[in-house]
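Colleague: Please take a close look at one side chain, the one you consider a good starting point for a first-year student. Set out where it lies and what surrounds it, and then carry the account into the rest of the chain.

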Amino acid sequence: MKRAFGIIYHIWYYALMLVSILGLFPWLLWYSRRVEQFPRFYRFGRLWSAWILNGMGLIRKVRYEARIDWSRTYMVVANHSSELDVMYCYRLVKSPTVFIGKAELAKLPLFGFFFKRSSITVDRNSIASKRQVLEKARRRLARGSGMCIYPEGGIPKDPRVRLAPFKNGAFQLAVEAGVPILPITFPDNRRHFPDFTQGGFPGRIRATVHAPIETAGADPDALNAQVYALILAELNRYAAES
């Protein structure tokens, strides 16, 4: 029964995805034409994500460790456990932010069309693609857009892995660009929306938006270790409360 409901829940998610994108299609298409229009595209992206999360009956409960100045550009770094992570980041991060995601997402019907136009895609099996992604990310940061990177490099296949080791790209880019890192912890997304056949259900999805970490003069390796320890400790805290 749990698996059957989860499959129906996923089908409902894809239906919401289709309807919401079609509803916003003219604006998404218009504002994804040029990089200069990305801030306006991002506003509609945030509206789109609200439709999806609300339509799925997911109630967001967010804990902020500090007041966030959304006039600044951030390197957003979060744990990656579910397809919900991107939509939740859209709702939490108010300043225009470009996502880096796997190239397979660009092949999805309709969603992939806009993902390719608004985000940076990477083929994780290609070293050349990874190098190109870093260069594209540098250019977008230089133009004033924030970046969102899930430094685990993908959703861990083993659900027992609470947090996989972080890759260093996000931290190197943040130091180079001089932008602060904004860590975010998602403890519930995998439980409420795992893989297609693994269940899923509405309810409360919590998040912690940590205090920004300045990167001027910082060592990328040290930042990597600091942010990893921060998010892992928060995941452990949530697990102890459950």
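Modeller: In this predicted model, Tyr 9 is a residue of helix H1, which covers residues 2-31. Its relative accessible area is 5%, and because anything under 20% counts as buried, Tyr 9 is classed as buried. What does Tyr 9 touch, once its neighbours within four places in sequence are left aside? The contacts are Met 56, Leu 58, His 192, Phe 193, Gly 200, Phe 201 and Pro 202. One of these, Leu 58, belongs to strand E1 (residues 58-64). For an idea of distance, consider Asn 125: its C-alpha atom is 31 Å from that of Tyr 9, and 116 residues separate the two along the chain.

A second buried tyrosine may be set beside Tyr 9. Tyr 42 is found in helix H2, which runs over residues 38-55. With a relative accessibility of 1%, Tyr 42 is under the 20% limit and therefore counts as buried. Beyond four places in sequence, Tyr 42 is in contact with Cys 89, Tyr 90, Val 93, Lys 94, Ser 95, Pro 96, Thr 97 and Phe 99. Ala 177, by comparison, lies 135 residues from Tyr 42 in sequence and 21 Å from it in space, C-alpha to C-alpha.

Two of the contacts of Tyr 42, namely Cys 89 and Tyr 90, lead to helix H3, where both are among the buried residues. Helix H3 spans residues 84-92 and is mostly covered, with 8 of its 9 residues buried. Besides Cys 89 and Tyr 90, the buried residues of H3 include Leu 84, Asp 85, Val 86, Met 87, Tyr 88 and Leu 92.

Helix H2 also holds Arg 46. Setting aside residues up to four places away in sequence, Arg 46 touches Tyr 90, Arg 91, Val 93 and Lys 94. Tyr 90, Val 93 and Lys 94 are also contacts of Tyr 42. Why does Arg 46, although buried, have no salt bridge? A salt bridge requires a side-chain nitrogen of Lys or Arg within 4 Å of a carboxyl oxygen of Asp or Glu, and the nearest side chain of opposite charge, that of Asp 69, is 14 Å away, so Arg 46 has no such partner.

Other charged residues do pair. Side chains of opposite charge can pair when their charged atoms come close. The structure holds 12 salt bridges. In one of them, the side chains of Arg 63 and Glu 234 meet at 2.7 Å, N to O. This pair links distant parts of the chain, since Arg 63 is in strand E1, Glu 234 is in helix H8 (residues 220-241), and their positions lie 171 residues apart in sequence. The partners differ in exposure: Arg 63 is partly exposed at 34%, whereas Glu 234 is buried at 5%.

Another salt bridge joins Arg 191 and Asp 188 at 3.6 Å, N to O. Arg 191 counts as partly exposed, with 47% relative accessibility, while Asp 188 is buried, with a relative accessible area of 1%. Through shared partners, salt bridges join Arg 63, Glu 65, Asp 188, Arg 191, Arg 206, Glu 234, Arg 237 and Glu 241 into one network. Arg 160 and Asp 158 form a further salt bridge, at 3.0 Å, N to O; Arg 160 is exposed at 73%, and Asp 158 is partly exposed at 26%.

Helix H8 also contains Asn 236, which is partly exposed at 34% relative accessibility. Asn 236 and Pro 156 are 80 residues apart in sequence and 17 Å apart in space, C-alpha to C-alpha.

The whole chain may now be considered. It has 8 helices and 7 strands. Its radius of gyration is 17 Å, close to the 18 Å that the globule rule gives for 242 residues, so the chain is as compact as a globular protein of that length. Buried residues make up 47% of the 242 residues, Tyr 9 being one of those classed as buried. Of the contacts with a separation of 6 or more, 75% are between residues 24 or more positions apart.

Terms used. Residues are numbered from 1 along each chain as its sequence is written. This is a predicted model: local features need pLDDT of at least 70, side-chain atom pairs count only at pLDDT 80 or more; totals for chains, interfaces and linings use all residues. Side-chain values use heavy atoms; hydrogens and water are left out. Helices (H or I, at least four residues) and strands (E, at least two) are DSSP runs, numbered from the N terminus. The radius of gyration is taken over C-alpha atoms; the globule rule is 2.2 Å times the number of residues to the power 0.38. Buried means under 20% relative accessible area, exposed over 50%, partly exposed in between (1.4 Å probe, protein chains only). Contact means heavy atoms within 4.5 Å. Lys and Arg count as positive and Asp and Glu as negative; His and the chain ends are not counted.
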